[in-house]
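Dear colleague,

Please find below the structure I agreed to pass on to you, followed by a summary of what was found in it.

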Amino acid sequence: MLNTTLSSLRCPRRKKGRSRCLSPLKLHCKIQTRVGSEVFEIRSGSLECPSCTTHYPILEGVAVLVDDLRSYLLSHVKGISKRVKIDDIPKEYRREFLEARDEIESEHIEEDLEAERVNALYLMNHFLRAKGAPATGSGPSWWQPLSGEPSPWIDAWVRNYWDCGPFAKIEDWISTKAKTQNPMQVIELGCGVGGLYRQLKPFISSYLGVDGSFASISMARHLGLGVPDRSSFRVPGDLLQGPLSREVSIPVETNTSGQVDWIVGDLDSLPLREGGADLCIALNTIDMLDSPQELPKIQHSLLKEGGIAIQSCPYIWHEAVAKKLRKLLPKDIHDSARAVKWLYEQTGFKIEANEEHVPWLFFKHLRQIELYSVHIFMGKKSRSPNI
Ligand SMILES: C[S@@+](CC[C@H](N)C(=O)[O-])C[C@H]1O[C@@H](n2cnc3c(N)ncnc32)[C@H](O)[C@@H]1O
Ligand SMILES: [Zn+2]
């Protein structure tokens with residue numbers, strides 16, 4: 001974590017009655033390195049809440065700002081144990097952490113956001129582009145085999161749709177806004193491996209990404225700030241050669257401004273100062289939440305008056321969540337896109353732009369591509385919530 005990020009952070013501890021503590025935090029550094037003038041990377045240390053006395057660790061540069069630290073460490077052991085020495089795990093949780101580490105599932109689980117393969121698929125989606133790749137027939141691109149016949153279908157899909165996903169749409173919207181307004185202060189919720197920052201960088205003044213996955217945040221910080229991370233940047237090729245057999249080079253950026261960072265936090269108990277952002281983005285995350293109706297409220301509270309929220313999703317709801325959501329909706333709303341837009345409107349957003357279907361592609365291996373059709377919209381914070 002950068003020392004300059006401290007002012008954006010607040011204590012996420014849930015109090016009785018479930019409200020958050022939200023006090024400013026105090027930084028304790030154990031190991032730090034200089035990044036720029038007055039900017040330091042805290043590799044090891046903690047954040048302390050003077051009000052409720054809770055301590056939050058900073059592990060290999062990653063600030064872990066969650067309400068229930070024990071449960072976080074145990075359920076994210078896969079991503080953490082790859083990167084953090086056992087002696088750095090807070091003493092009171094070390095024994096249980098070691099037990100959980102010994103039980104780690106080695107096979108990949110598609111939804112496990114600490115798994116190497118899942119993060120590799122997101123790395124490709126966030127950082128690899130089809131534009132600028134060699135023309136057909138002049139050497140293999142990242143989606144083509146090193147030996148054997150390339151798939152004409154996958155080649156066509158990647159060339160035609162890979163670069164037209166939600167990131168491209170947002171770049172389009174924000175670059176247009178940037179022509180007439182000051183550079184924006186941005187918060188991204190559920191940011192994953194952090195590639196959206198790279199796309200928005202020319203148009204914004206600051207960026208803070210928050211995600212629940214330790215592995216994703218560590219990778220995002222490495223690629224966006226140039227701080228160390230133990231990941232290998234390998235992606236799927238032919239699965240005969242293993243799940244991640246191909247090295248790719250993703251340029252690592254450095255940033256000395258102290259205006260860009262990524263932290264671990266939970267959307268159910270966000271560790272952030274409210275009311276300071278011009279733009280709050282949450283991509284493909286609302287359908288992972290137990291209470292999706294909270295996301296527009298969270299974005300609303302993080303934004304300044306007149307601030308902009310962007311939301312996108314393929315709406316792959318769990319039935320239990322969909323069932324609860326149906327109960328909230330007016331009787332004439334039957335589809336997910338209208339339902340989520342309605343939630344944002346009720347929360348006080350005026351929808352400014354809307355695209356019903358944007359392609360979002362995942363490269364699973366040389367013979368498999370996954371296509372999601374994503375709904376995306378942008379709304380302006382224009383009044384207080386009705387719900
Ligand atoms: C489907 S991925 C999308 C990642 C990225 N926004 C994108 O569009 O490529 C959803 C992300 O939300 C994060 N996430 C899900 N629930 C969360 C929660 N309650 N708190 C914080 N992050 C969460 C996951 O770790 C994951 O990185
Ligand atoms: Zn507190």
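Which side chain meets that of Asp-261 in a salt bridge? In this predicted model, the partner is Arg-221, with N and O 3.0 Å apart. Asp-261 belongs to strand β9 (residues 260–265) and Arg-221 to helix α8 (residues 214–225), so the pair ties together parts that are 40 residues apart in sequence. Asp-261 is buried at 1% relative accessibility, and Arg-221 is likewise buried, with a relative accessible area of 1%. Both belong to one network, in which salt bridges that share partners join Glu-41, Arg-43, Glu-60, Lys-85, Asp-88, Arg-221 and Asp-261.

Within that network, the side chains of Glu-41 and Arg-43 form a salt bridge of 2.8 Å, N to O. Glu-41 is buried at 1% relative accessible area, and Arg-43 also counts as buried, at 12%.

A further salt bridge links Arg-159 and Asp-155, whose closest N and O atoms are 3.2 Å apart. The two residues lie four residues apart in helix α5 (residues 152–161), about one turn of the helix. Arg-159 is partly exposed at 29%, whereas Asp-155 is buried at 10%. The count of salt bridges comes to 25.

Turning to ligand 1, 17 residues surround it, and His-126, Gly-190, Asp-211, Leu-283 and Asn-284 come nearest. The shell comprises seven nonpolar, eight polar and two charged residues. A polar backbone atom of Gly-190 is 2.7 Å from a nitrogen atom of ligand 1, and a backbone N or O atom of Leu-283 lies 2.8 Å from a nitrogen atom of the ligand. The protein buries 90% of the 590 Å² that ligand 1 exposes when taken alone.

Yours sincerely

Notes:
Residues are numbered from 1 along each chain as its sequence is written. Chains are lettered from A and ligands numbered from 1 in the order in which they are written. This is a predicted model: local features need pLDDT of at least 70, side-chain atom pairs count only at pLDDT 80 or more; totals for chains, interfaces and linings use all residues. Side-chain values use heavy atoms; hydrogens and water are left out. A residue is near a molecule or strand if one of its heavy atoms lies within 4 Å of it. A polar contact is a pair of N or O atoms within 3.5 Å; within protein, one must be able to donate a hydrogen and the other to accept it, and residues adjacent in sequence count only if both atoms are side-chain atoms. Accessible areas come from the Shrake-Rupley method with a 1.4 Å probe; for residues, only the protein chains shown count as cover. Ala, Val, Leu, Ile, Met, Phe, Trp, Tyr, Cys and Pro count as nonpolar, Asp, Glu, Lys and Arg as charged, and the others, Gly among them, as polar. A salt bridge is a side-chain nitrogen of Lys or Arg within 4 Å of a carboxyl oxygen of Asp or Glu. Buried means under 20% relative accessible area, exposed over 50%, partly exposed in between (1.4 Å probe, protein chains only).
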